[in-house]
Amino acid sequence: MAFLGGLIIAVQSIGVCYGMNGDNLPQPSSVVSLYESNGIGAMRIYAPDTATLQALGGSNIQLILDVPNGSLQSFASDPSAAAAWVQSNVQAYTSSVSFRYIAVGNEVIPGGQAQYVLPAMQNIYNALSSAGLSGQIKVSTAVSQGVLGTSYPPSSGAFSSDAASTLGPIVQFLASNGAPLLVNVYPYFSYVSNPGSISLSYALFTSPGTVVQDGQYNYQNLFDAIVDALYAALEGVGGSNVGIVVSESGWPSGGGPAAATVGNAQTYNQNLINHVGNGTPRKPGPIETYIFAMFNEDLKSPGIEQNWGLFYPNQQPVYSINFRSLSMAKQISVEVSNMVAAALLLLGVLVAAPTAVQSIGVCYGTNGDNLPQPSSVVSLYKSNGIGAMRIYAPDTATLQALGGSNIQLILDVPNTSLQSIASDPSVATSWVQTNVQAYTSSVSFKYIAVGNEVIPGGQAQYVLPAMQNIYNALSSAGLSGQIKVSTAVSTGVLGTSYPPSSGAFSPDAASTLGPIAQFLASNGAPLLANVYPYNAYVGGGISLSYALFTSPGTVVQDGQYAYQNLFDAQVDALYAALQGVGASSVDIVVSESGWPSGGGPAAATVGNAQTYNQNLINHVGNGTPRKPGPIETYIFEMFNEDLKSPGIEQNWGLFYPNEQPVYSINFTVQSIGVCYGMLGNNLPPTSSVVNLYKSKGIGAMRIYSPDAATLQALKGSNIQLIVDVPNNNLQSIASDQSAAANWVKSNVQAHIPGVSFKYIAVGNEVIPGNQAQYVLPAMQNIYNALSSAGLSGQIKVSTSVSQGVLGSSYPPSNGAFSSDAASTLGPIVQFLAKTGAPLLVNVYPYFSYVNNQGSIKIDYALFTSPGTVVQDGQYGYQNLFDAIVDALYAALQKAGGSNVNVVVSESGWPSAGGTEATVSNAQTYNQNLIKHVGKGTPRKPGPIETYIFAMFNEDQKPAGIEQHWGLFKPDGQPVYPIDFS
């Protein structure tokens with residue numbers, strides 16, 4: 001079976017503040033459920049509240065807990081008061097509540113209570129330290145942006161003299177304890193105070209271009225300018241290493257000046273969510289941000305203060321908001337599992353709901369007499385990182401197999417049950433009781449699809465009453481907030497679809513769908529739609545490239561919206577149709593989409609199916625022109641089903657019934673790690689290195705030997721790790737199984753749990769060569785040792801080779817291992833294929849370029865060629881990196897490893913010390929590499945897991961380029977700006 005790798009989870013930087021100044025708010029247990037159902041992974045509360053802390057137990061929602069301003073003086077003056085507070089409000093809940101920060105005071109600097117903040121912070125910190133919690137929970141304070149005395153331009157940012165006297169020592173405290181400064185950032189207030197000099201578009205993230213040019217930094221929105229002014233102010237008081245967490249930001253939806261509208265609030269908060277993963281011009285990388293607030297609060301002062309909520313007290317949204325935007329995500333390499341969600345937040349970023357990790361699920365049809373057992377099917381989903389499933393009827397064996405898997409589920413009410421459920425509420429209750437309630441303790445139900453493609457038609461009349469009865473049954477069971485009720489329609493419900501903005505339901509469909517759309521809107525549920533560009537294409541009049549996501553440019557211009565693919569056009573036509581029936585707040589979930597690999601017209605080929613589905617996976621995180629943001633999408637389908645009608649109906653599967661892939665498909669998204677070399681006498685302590693990885697959102701690391709201090713520092717970080725078996729250990733480990741077992745025991749087992757080992761690289765660049773003979777037996781012995789420890793499924797064993805193993809690399813399709821390398825690599829490739837591990841390869845276009853300047857242009861090496869440089873059959877190459885990687889894939893195929901993936905275990909460009917080794921070229925190469933690897937190569941579309949070499953310049957390497965590969969200087973300052981987002 002093809003190794004498809006670990007899913008790369010997209011982590012979000014958004015939490016929401018939960019204010020309680022209302023007399024009509026829901027119970028805390030309902031609030032926590034609302035956070036969970038919307039995928040909100042973090043909360044701030046302004047005082048310890050017993051009911052809320054109890055409700056948060058086991059939720060994995062990360063928490064900022066405030067020490068109220070009224071307690072500051074007592075905590076500052078009395079350490080025992082601080083200790084008692086920690087004991088009652090933190091220690092009592094740490095076994096089940098994920099505390100992240102203690103905010104000691106809110107917006108009291110500058111002011112009369114400012115003097116108490118630092119001593120209160122110190123006493124709270126000491127109390128946490130005595131409880132063994134100071135490493136886990138950070139202590140800070142929350143300030144307003146009003147602490148700035150100067151904020152324009154952002155690089156001149158400085159604290160006011162009143163604030164600086166208090167904040168200076170606080171910043172030193174934060175720096176010494178690795179804690180951020182919490183800041184409440186409100187472009188709204190800046191705008192309404194200065195509407196003559198600040199444009200609304202600059203405040204709302206809607207400016208079309210740069211508004212403020214500040215040296216090398218361009219500002220297109222006010223939020224970034226405020227945050228960067230705060231960073232400049234921190235630097236001015238010696239806090240250049242202190243991060244900022246935006247502990248409040250938002251926009252009121254009413255009660256104030258003309259700008260306080262629902263439309264502006266929706267625009268600001270949605271754009272904020274979409275933006276914060278990118279960071280600021282001065283500080284690229286995710287900005288941990290908390291939207292203010294969850295609810296409108298009626299006990300606050302009349303006016304805007306009552307109108308900051310995302311939700312009304314009845315839990316209905318004030319406006320539509322999407323918390324699952326992949327465009328804002330920093331991509332951190334982790335194996336897919338909802339159980340790691342809480343730990344991921346230690347990276348300084350917050351996890352979205354499981355299905356928003358990636359917007360792709362897969363439909364599991366069972367119309368075959370040769371399909372694997374449901375338990376095997378669920379294992380196949382998990383091994384390929386597929387986090388969501390749709391089944392078309394409740395199946396006991398499947399529901400049992402899903403127990404504990406954390407796979408999100410769409411469960412259909414079959415069409416044959418619609419009439420009985422529509423006419424008899426007790427039948428709906430019984431159906432829910434038997435097929436849902438019986439499994440809710442272990443199965444993650446997401447949607448109930450009441451009927452599939454029955455609108456319009458004879459059964460259409462039963463859909464809405466059946467939906468209502470199912471909803472009522474769920475509500476009676478206390479599940480209606482957790483499980484949404486919808487129906488699945490085809491794009492055939494559209495009477496008009498061109499241009500997309502004219503999308504409208506056909507009269508036959510509209511009469512049924514109008515009331516259904518209102519039901520969905522009132523319950524916060526999406527419309528499920530089966531979207532098939534294939535069917536539209538075979539109907540005629542549409543180019544294949546438009547259907548396959550391969551058009552080189554815009555195909556349809558529809559007013560302000562440009563369409564490059566048919567999928568987006570169909571989805572946006574459905575959104576226009578929903579708007580036409582008064583349901584503009586209803587989202588669309590694509591409950592089926594796919595392409596057949598055979599059995600029909602000429603377009604039904606394996607190649608087209610692979611192209612469509614891979615491009616679909618790569619695309620849906622971006623959203624459509626009309627609706628940016630991820631589109632939750634389910635590929636149809638998991639298996640080819642032989643009991644369906646002959647022809648294309650039997651050929652939609654991603655896998656054959658024997659669980660082998662019909663074609664290679666990659667469910668991963670971009671993954672960038674950085675290699676951490678240690679050949680320097682001036683490098684920072686390993687704990688600082690790990691913090692630097694985390695602060696930059698770098699989710700994966702490679703180290704070249706097991707280093708105890710590094711492994712210790714990595715504990716709890718969730719940074720994925722490649723650890724090398726050094727070359728000088730190969731012979732002993734190859735010849736002695738007990739030596740391998742001891743190595744694994746000391747360097748791997750001793751650090752589990754805590755360290756997220758991903759690969760063991762057995763040797764680095766020793767093939768071909770004298771030590772090559774030891775690599776495979778050493779790999780086998782390490783694998784056996786991991787297997788004995790129960791870790792071989794979790795940690796993959798490979799070796800790292802240079803691109804020099806290629807004897808032929810041009811054109812890429814002729815790629816083949818050299819005769820010296822092939823004799824060793826052939827058996828290794830078979831081992832990798834058998835164990836589902838990738839081949840690790842160090843890929844350096846730099847060396848190819850400097851050794852062949854007569855035939856290779858620098859723009860081809862730097863990803864800056866304006867067009868195709870090498871045409872190799874059907875594949876066009878615009879950069880050398882892709883050509884090298886595809887030559888390696890061709891070589892693997894020739895060695896019998898067509899299912900073995902390549903992980904680029906090193907790549908980079910030196911910034912000094914040799915030919916074309918400049919800061920500019922290094923920055924260009926590495927930034928373009930980060931941007932590129934999510935797309936894949938012409939031969940292998942889809943993300944390429946890649947590790948940049950290296951984190952630091954290393955002064956103990958040989959003089960010349962070897963000392964100049966680092967992204968950072970040993971003092972932690974960047975050699976050049978680089979954006980990992």
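**Loops, barrel strands and helix packing**

Pro 499 is placed in the loop between strand S21 (494-496) and strand S22 (504-505), and the peptide bond that leads into Pro 499 from Tyr 498 is cis, with omega near -15 degrees. The model described here is a predicted one. A further cis peptide bond joins Ile 455 to Pro 456, where omega is about -5 degrees; Pro 456 belongs to the loop between strand S19 (444-452) and helix H16 (460-476).

Two glutamates with positive phi values were also found in loops. For Glu 659, a residue other than glycine, phi is near 75 degrees and thus positive, and the residue sits in the loop between strand S27 (633-635) and strand S28 (672-675). Glu 659 has a relative accessible area of 21% and is therefore partly exposed, given that the buried class ends under 20%. For Glu 765, phi is near 55 degrees, again a positive value in a residue other than glycine, and this residue is found in the loop between strand S31 (756-764) and helix H26 (772-788). With a relative accessible area of 38%, Glu 765 is likewise partly exposed.

Strands S16, S17, S18, S19, S20, S23, S26 and S27 form, in that order, a closed barrel of 8 strands with parallel pairing. Within this sheet, neighbouring strands are turned against each other by 25 degrees on average when direction is ignored. Strand S16 (residues 360-363) runs parallel to strand S17 (residues 388-391) and is joined to S17 by 2 bridges, with Cys 363 standing opposite Arg 390 of S17. Further along the barrel order, strand S23 (residues 527-530) is connected to strand S26 (residues 588-593) by 4 bridges, the two strands running parallel, and Leu 527 stands opposite Ile 588 of S26. Strand S26 is mostly covered, 6 of its 6 residues being buried. S26 also pairs with S27 in the parallel sense, over 2 bridges, and here Ile 635 in S27 is the bridge partner of Ser 593.

Two helices lie across strands of this barrel and also pack against one another. Helix H15 lies across strand S18 (408-413) and S19, and runs at about 145 degrees to S18, whereas H16 lies across S18, S19 and strand S20 (484-490), running at about 155 degrees to S20. Helix H15 (residues 425-435) and H16 pack with their axes 8 Å apart, at an angle of about 55 degrees. Because an angle of about 55 degrees falls outside the ranges for roughly parallel, roughly perpendicular and roughly antiparallel, H15 is classed as oblique to H16. The crossing of the two helices is right-handed. On the H15 side, the contact comprises Pro 425, Ala 428, Thr 429, Trp 431 and Val 432, which meet Asn 469, Ile 470, Ala 473 and Leu 474 of H16. By class, the residues of this contact are 7 nonpolar and 2 polar, with no charged residue.

A second helix pair is formed by H26 and helix H27 (residues 819-835), the axes of which come within 9 Å and cross at roughly 15 degrees. Since this angle is under 35 degrees, H26 counts as roughly parallel to H27. H26 passes H27 in a left-handed crossing. The contact residues of H26 are Ala 772, Val 775, Leu 776, Met 779, Gln 780 and Tyr 783, and those of H27 are Thr 824, Pro 827, Ile 828, Phe 831, Leu 832 and Thr 835. The residues of this contact divide into 9 nonpolar and 3 polar, with no charged residue among them.

Strand S9 was examined with its two partner strands. Strand S6 (residues 138-144) runs parallel to S9 and is joined to it by 3 bridges, with Leu 182 in S9 as the bridge partner of Ala 142. S9 also pairs in the parallel sense with strand S12 (residues 244-249), over 4 bridges, where Val 183 stands opposite Val 246 of S12. In a regular strand, side chains alternate between the two faces of the sheet. In strand S9 (residues 181-184), Leu 181 and Val 183 point one way while Leu 182 and Asn 184 point the other way, and all of these residues are buried.

Notes:
Residues are numbered from 1 along each chain as its sequence is written. This is a predicted model: local features need pLDDT of at least 70, side-chain atom pairs count only at pLDDT 80 or more; totals for chains, interfaces and linings use all residues. Side-chain values use heavy atoms; hydrogens and water are left out. Buried means under 20% relative accessible area, exposed over 50%, partly exposed in between (1.4 Å probe, protein chains only). Axes are lines fitted to C-alpha atoms, for helices over the stretch in contact, and angles run from 0 to 180 degrees between N-to-C directions. Angles under 35 degrees count as roughly parallel, over 145 as roughly antiparallel, 65 to 115 as roughly perpendicular and the rest as oblique. A crossing is left-handed if the near helix is turned anticlockwise from the far one by less than a right angle, and right-handed if clockwise. Contact means heavy atoms within 4.5 Å. Ala, Val, Leu, Ile, Met, Phe, Trp, Tyr, Cys and Pro count as nonpolar, Asp, Glu, Lys and Arg as charged, and the others, Gly among them, as polar. Two strands pair if DSSP finds at least two bridges between them.
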